[in-house]
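The exercises below are to be worked with the sequence and the structure side by side. Each task is followed by a solution that goes step by step.

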Number of protein chains: 2
Amino acid sequence: MDRISRSPAMTDVARLAGVSHQTVSRVLNDHPNVKEQTRIRVRAAIAALGYRPNRAARALVTGRSQLIGVVARNSTLYGPATMLSEFEQAAADAGFAVSVGSVRELDRSSMNSVVERHLDQRVAGLVVIANTASAVAALAEIPEDLPVVFIDGDPASGRPVVTVDQVAGARAATRHLLDSGHETVWHVSGPTDWFDSAGRIQGWRQTLEEAGREVPPLLSADWSASEGYRTGQMLARMPEVTAIFTANDHLALGILRALSERGRRVPHDVAVVGFDDVPEAAYFIPPLTTVRQAFGDVARAALSLLLGQLGDEAGTARQIVVPAHLVIRESAPARV
Amino acid sequence: MDRISRSPAMTDVARLAGVSHQTVSRVLNDHPNVKEQTRIRVRAAIAALGYRPNRAARALVTGRSQLIGVVARNSTLYGPATMLSEFEQAAADAGFAVSVGSVRELDRSSMNSVVERHLDQRVAGLVVIANTASAVAALAEIPEDLPVVFIDGDPASGRPVVTVDQVAGARAATRHLLDSGHETVWHVSGPTDWFDSAGRIQGWRQTLEEAGREVPPLLSADWSASEGYRTGQMLARMPEVTAIFTANDHLALGILRALSERGRRVPHDVAVVGFDDVPEAAYFIPPLTTVRQAFGDVARAALSLLLGQLGDEAGTARQIVVPAHLVIRESAPARV
DNA sequence: AAAGCTGATGTTATCGATAACATTTGTGCA
DNA sequence: TGCACAAATGTTATCGATAACATCAGCTTT
């Protein structure tokens with residue numbers, strides 16, 4: 001009766017194949033000591049019944065799940081969303097499922113509750129998109145023995161980290177503007193407590209200093225078009241500003257609008273370079289020169305670092321840096 | 001020895017509290033028949049040990065997991081990404097974890113493999129962001145008895161569906177343009193096989209017909225700024241085009257650029273209305289009038305429909321429609 | 001030919017929870 | 001006072017897999 005409704009278990013397969021359930025388990029786990037003929041018979045029984053191993057039972061006895069938890073602050077932003085999607089694909093290929101845990105704020109209690117939720121599920125490992133030092137600090141509760149990989153985290157934390165080479169990206173952007181003949185480059189950064197922002201600021205400043213140029217005051221904003229606009233309104237009134245490097249494309253969008261309202265032409269009067277290369281950056285007015293980050297590579301690198309820890313291979317890399325490269329469009333063309 | 005490393009189980013709590021493990025289980029599940037004093041003692045033991053119930057064990061014996069699978073096509077787009085994030089929050093509040101499964105393509109085999117992955121995990125239910133009829137068709141493999149909710153799916157499918165009122169949104173947009181004095185409104189739609197596109201087309205067409213206006217030929221594109229630009233280049237050359245309603249904000253962005261290049265002023269020469277209200281829409285040049293969808297409401301509605309099915313309450317709603325409303329900005333102001 | 005492997009398979013214990021049933025304790029009422 | 005019934009708690013079976021150990025052929029090896 002209830003045999004029909006219940007989904008088949010290993011013993012059902014065993015009965016049909018005329019073997020013990022342990023042999024079925026061996027076939028499933030590719031254990032060598034199974035006769036080829038038996039293996040085939042078991043496989044046939046599995047297919048016939050549409051058998052599907054119960055992960056809960058497996059997790060219970062082995063003590064490990066095939067689940068990776070991802071903690072993200074705001075998976076609505078282009079970067080995190082892309083990363084999450086890419087990561088899920090990579091994890092699936094490696095036989096892992098991905099459980100997400102978004103958090104609205106970075107305070108300790110929200111972070112802890114997300115981590116708790118993941119621990120409840122007995123995730124095998126955690127990937128944390130931790131953009132700020134405070135996020136890293138709020139994660140103090142993560143047990144030492146749980147494998148973790150940080151994306152964009154603090155390289156000095158001792159935990160494995162995957163980062164985009166923000167410094168090099170920012171250098172390329174700044175260099176490009178100087179090479180186009182600008183005297184100096186202004187920078188509108190993201191929130192200064194973000195690692196990403198810090199790297200971009202550093203690359204920008206270094207490049208100016210190495211070229212012996214004046215370093216204008218740093219302007220910082222959140223990542224939104226809205227703050228870009230407000231900052232842009234100010235910059236648009238300053239005739240000495242001829243080149244602006246912004247920490248992301250949405251800031252750049254706001255700045256472009258402020259410049260346009262003020263009648264300052266881009267790139268003729270002011271050149272603008274963004275960061276991210278969101279899909280629509282090519283259709284801003286004018287099309288945006290920006291720095292592209294290889295999010296797919298970041299996701300795959302994070303997975304490989306995590307799998308390295310799961311396999312307790314002590315010798316795996318602790319830090320991976322993924323390059324960023326300049327994409328030149330009209331907002332800051334190759335030459336003025 | 002190994003007591004230290006192993007995370008505490010229910011029996012450990014029971015021993016410390018001086019009760020049986022079953023009593024611990026009762027406390028955990030808020031069973032009424034537990035003396036208050038015992039309850040307190042057990043709670044204290046739980047806290048003291050940092051005990052955390054093993055979901056795998058629970059899932060094994062109850063036969064149901066506290067896991068909801070989400071199938072999304074492209075969680076990088078603003079809509080799906082926002083929805084996913086909101087959904088995760090809502091699910092967490094209800095004690096459910098969320099496992100994501102993205103697919104790059106909508107073909108049958110990718111869809112099936114995602115569903116398989118979720119079934120392997122014994123998800124309690126599935127939420128499918130199925131934007132096209134083909135996606136729904138590709139999901140034929142979902143077992144009849146697995147609770148499923150579609151977001152943006154086909155209302156005629158018989159499965160519970162949550163949709164945004166695309167028709168009403170499109171009507172509001174079109175109506176607004178007509179009210180501003182335009183003779184007719186051109187529409188650049190998304191891919192015509194998307195339910196969203198179909199609803200928006202329908203609302204647009206209805207409104208024009210009811211007003212006795214000429215219905216211009218339908219232009220359709222994918223959702224990208226890139227195709228918006230190409231379509232915009234064509235529209236910009238047609239002096240009779242004075243009002244354009246686009247199926248999303250990124251298309252609108254491409255069109256704005258094409259119009260700008262051609263020297264057609266927005267909104268003076270051509271008014272433009274988008275759809276989505278992405279956060280940066282207010283900073284397009286000019287700021288975009290658009291239709292906002294309440295993605296958070298969609299996510300919560302989907303969750304409630306799903307939980308309704310899990311609780312086998314037969315009488316729950318089968319379809320929820322979430323409103324959309326017009327946000328007026330400069331690309332199509334209140335009056336010309 | 002007996003001892004000793006090794007490969008193939010089966011048996012039983014186990015993970016950590018809930019379900020079902022059993023037992024003890026407590027309370028109201030005739 | 002004692003009986004009936006409810007409340008509180010304990011005992012044992014169970015879910016479906018893997019781990020550990022046991023068994024049993026069929027081969028070497030000396």
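**Exercise 1.** Which residues come nearest to DNA strand C, and how many residues lie around DNA strand C?

*Solution.* The model is a predicted one. Begin with the count, which is 25 residues around DNA strand C, and then pick out those that come nearest, namely Ser20(A), Gln22(A), Ala9(B), Met10(B) and Ser25(B). Next, assign the surface to elements: helix 3 and helix 5 of chain A, together with helix 3 and helix 5 of chain B, each supply at least two residues, and the largest share, five residues, comes from helix 5 of chain B. Finally, sort the surface near DNA strand C by class, which gives eleven nonpolar, eleven polar and three charged residues.

**Exercise 2.** Determine which residues come nearest to DNA strand D, and which element gives the most to the surface near that strand.

*Solution.* Around DNA strand D there are 27 residues, of which Ala9(A), Met10(A), Ser25(A), Ala57(A) and Gln22(B) come nearest. The elements giving two or more residues to this surface are helix 3 (21–28) and helix 5 (55–62) of chain A, along with helix 3 (21–28) and helix 5 (55–62) of chain B. Helix 5 of chain A gives the most, with five residues. By class, the surface near DNA strand D has twelve nonpolar, eleven polar and four charged residues.

**Exercise 3.** Describe how chain B meets chain A, taking the contacts before the strand pairing.

*Solution.* The contact involves 44 residues of chain B and 44 residues of chain A. On the side of chain B that touches chain A, the elements giving two or more residues are helix 5, helix 6 (78–93), strand 2 (97–102), helix 7 (108–120), helix 11 (225–236) and helix 12 (249–261) of chain B. Helix 6 of chain B gives the most, with seven residues, and the residues of this side divide into 19 nonpolar, 17 polar and eight charged. Turning to the strands, strand 2 of chain A and strand 2 of chain B run antiparallel and are joined by three bridges, with Val100(A) opposite Val98(B).

**Exercise 4.** Classify the packing of helix 6 of chain A and helix 13 of chain A from the angle and distance between their axes.

*Solution.* Helix 6 (residues 78–93) and helix 13 (residues 295–310) of chain A pack at an angle of about 50°, and their axes are 8 Å apart. The two helices are therefore oblique to each other. Helix 6 of chain A passes helix 13 of chain A in a right-handed crossing. Among the residues that make the contact are Gly79(A) and Phe87(A) of helix 6 and Gly296(A) and Leu303(A) of helix 13.

How values were computed. Residues are numbered from 1 along each chain as its sequence is written. Chains are lettered from A and ligands numbered from 1 in the order in which they are written. This is a predicted model: local features need pLDDT of at least 70, side-chain atom pairs count only at pLDDT 80 or more; totals for chains, interfaces and linings use all residues. A residue is near a molecule or strand if its C-beta atom, placed from the backbone, lies within 6 Å of it. Helices (H or I, at least four residues) and strands (E, at least two) are DSSP runs, numbered from the N terminus. Ala, Val, Leu, Ile, Met, Phe, Trp, Tyr, Cys and Pro count as nonpolar, Asp, Glu, Lys and Arg as charged, and the others, Gly among them, as polar. Axes are lines fitted to C-alpha atoms, for helices over the stretch in contact, and angles run from 0 to 180 degrees between N-to-C directions. Angles under 35 degrees count as roughly parallel, over 145 as roughly antiparallel, 65 to 115 as roughly perpendicular and the rest as oblique. A crossing is left-handed if the near helix is turned anticlockwise from the far one by less than a right angle, and right-handed if clockwise. Two residues are in contact if their C-beta atoms, placed from the backbone, lie within 7 Å. Two strands pair if DSSP finds at least two bridges between them.
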